[in-house]
Structures are given as structure tokens and as C-alpha cells.
Amino acid sequence: RGGAIIDGFDYGNSPSQIEQVDFTGKTVIHTTSAGTQGIANAKASADEIIGGNLVAAKAIARYIKSRKPEHVSLVCMGLAGGRQTDEDELCGAYIKSLLEDAPLPDLEERIAQLRYTDGAKFFEEKRQAVFPERDFHLCTAANSCNFILRLKKDPETGLDYMERVDIPDISE
């Protein structure tokens, strides 16, 4: 919570902390202060749930378009589900623009502005142990991944999990 490693977990919420870790063949349990609750609350009424982020934005839009859904809900969970955050709002607006074939013209500028708003914590020297600057750059590397995470249910255990789905050719 708060970005730090939770007791009993091997890693915190830092992508740079796991950059060199090979998770092949392993089960990863990841919990967030808002995203997990958002998924739990949406399960009853959603036909399908996928995770969203800037690094996979084009893959997400391509996947959604391929499914041809009648309705799409983009839900920005913010900080602990209690307040909006600039990075979530930007991500939602960007994915929306991709779905509408009207790319956000100022994406790079808006990412740069995050450094001075909700992303400022990644540039504070005293907070580098929990929020290393590298994490900011990893999390804002728009369209650097060509897969999405889709919610699935294990038929044997009944437990929900996020399944990686590779989306071909995200370059446009």
C-alpha cells in the first residue's frame, strides 16, 4: 500500500524492481489500492474486463475494436478509489481517443506535465526507495507493450485472474 512492499510479498508496486525478474511459469499475485476493488465491483455487470495502462494503450484499443462491443466503459480508479489522478485521467482520455480514431495530439506534453502533478513523487529524492524515478519513465512509455490483461475465471478453483493476451502489430 502506498507503493511500498506489503508484509509477506516479495515485491512492491515498482516496475523497475521487477524489470530483470523472470516470471515464466510462475503465478504472480498483484493487488492495488483501487484497481482490484474496481474489478470486483464491475464483475457483476460487465461482459468482459481488461486492465488499462499507457504502456499498452494501442494494444487495448486494438483489442476492444476487434471485439466490436456495443458499449465500452473506461473506468479510471484514481488513488485508492478515493480521488482522481492525472495519470489515470490521461490514460482513459488517450484510450478513448484511440477508440474514436482521434489520437490525443498532446500525449507527450501531457505525460511531461505529470512530472509536476501526481507524478512528482517519482522525482523527490527522499521518496526514491518507494517511488524510483525509473518507474515514472516505465509507466509512461506509451504503447511499449503489445499485450493486454483480461480477467478470466479458473474453472477448477473459481478464482479470478488476469490472463495475458498478445495483440499483434501495435505499430501504426
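In this predicted model, strand 1 (residues 147-153) supplies the largest share of the lining of the second largest pocket, namely three residues. The full lining consists of Lys43, Ala46, Asp47, Glu48, Ile49, Leu151, Lys152, Lys153 and Asp160. By class, the lining residues divide into six charged, three nonpolar and no polar. The space in this second largest pocket comes to about 160 Å³.

**Overall fold**

The secondary structure of the protein is made up of five helices and two strands. Read from the N terminus, the order of elements is α-α-α-α-α-β-β. With a radius of gyration of 16 Å, close to the 16 Å that the globule rule gives for 172 residues, the protein is as compact as a globular protein of that length. Along the principal axes, the C-alpha atoms fill a box of roughly 45 × 45 × 30 Å.

Of the 172 residues in the protein, 26% are buried. Among contacts between residues at least 6 apart in sequence, those joining residues at least 24 apart account for 55%.

**The segment before helix 1**

Two residues, Ser14 and Phe9, are described here. Ser14 is located in the segment before helix 1 (35-42), and Phe9 also lies in the segment before helix 1.

Is Ser14 buried or exposed? Ser14 has a relative accessibility of 7%, so it counts as buried, the cut-off for buried being under 20%. The Ser14 side chain makes a polar contact of 3.1 Å with the side chain of Ser16. When residues up to four places away in sequence are not counted, Ser14 touches Pro132 and Asp135.

Phe9 has a relative accessibility of 33% and therefore counts as partly exposed, a class that lies between the 20% and 50% limits. Which residues does Phe9 contact, leaving aside neighbours within four places in sequence? They are Ile29 and Thr31. Between Phe9 and Ser45 the C-alpha to C-alpha distance is 31 Å, for a separation of 36 residues in sequence.

**Positive phi in two loops**

Most residues other than glycine have a negative phi. Lys68 has a positive phi, near 50°, and is a residue other than glycine. Asn143 is not a glycine either, and its phi is positive at about 65°.

Where do these two residues sit? Lys68 is placed in the loop between helix 2 (57-67) and helix 3 (86-99). Asn143 is found in the loop between helix 5 (133-139) and strand 1.

In accessibility, Lys68 has a relative accessible area of 70% and is exposed, because exposed means over 50%. For Asn143 the relative accessible area is 17%, so Asn143 is buried.

The table sets out the accessibility of the four residues treated above.

| Residue | Relative accessible area | Class |
|---|---|---|
| Ser14 | 7% | buried |
| Asn143 | 17% | buried |
| Phe9 | 33% | partly exposed |
| Lys68 | 70% | exposed |

Taken by location, Ser14 in the segment before helix 1 is buried, whereas Phe9 in the segment before helix 1 is partly exposed. Of the loop residues with positive phi, Lys68 in the loop between helix 2 and helix 3 is exposed, whereas Asn143 in the loop between helix 5 and strand 1 is buried. Strand 1, which comes after that second loop, is the element that gives three residues to the lining of the second largest pocket.

Definitions and conventions. Residues are numbered from 1 along each chain as its sequence is written. This is a predicted model: local features need pLDDT of at least 70, side-chain atom pairs count only at pLDDT 80 or more; totals for chains, interfaces and linings use all residues. Side-chain values use heavy atoms; hydrogens and water are left out. Helices (H or I, at least four residues) and strands (E, at least two) are DSSP runs, numbered from the N terminus. Buried means under 20% relative accessible area, exposed over 50%, partly exposed in between (1.4 Å probe, protein chains only). A polar contact is a pair of N or O atoms within 3.5 Å; within protein, one must be able to donate a hydrogen and the other to accept it, and residues adjacent in sequence count only if both atoms are side-chain atoms. Contact means heavy atoms within 4.5 Å. On a 1 Å grid over the protein atoms alone, a cavity is a set of points where a 1.4 Å probe fits but cannot get out, and a pocket is an open set with protein on both sides within 12 Å along at least five of seven lines; lining residues have an atom within 4 Å of a point. Grid points are joined across faces, edges and corners, and a volume is the space filled by probe spheres set on the points. Ala, Val, Leu, Ile, Met, Phe, Trp, Tyr, Cys and Pro count as nonpolar, Asp, Glu, Lys and Arg as charged, and the others, Gly among them, as polar. The radius of gyration is taken over C-alpha atoms; the globule rule is 2.2 Å times the number of residues to the power 0.38.
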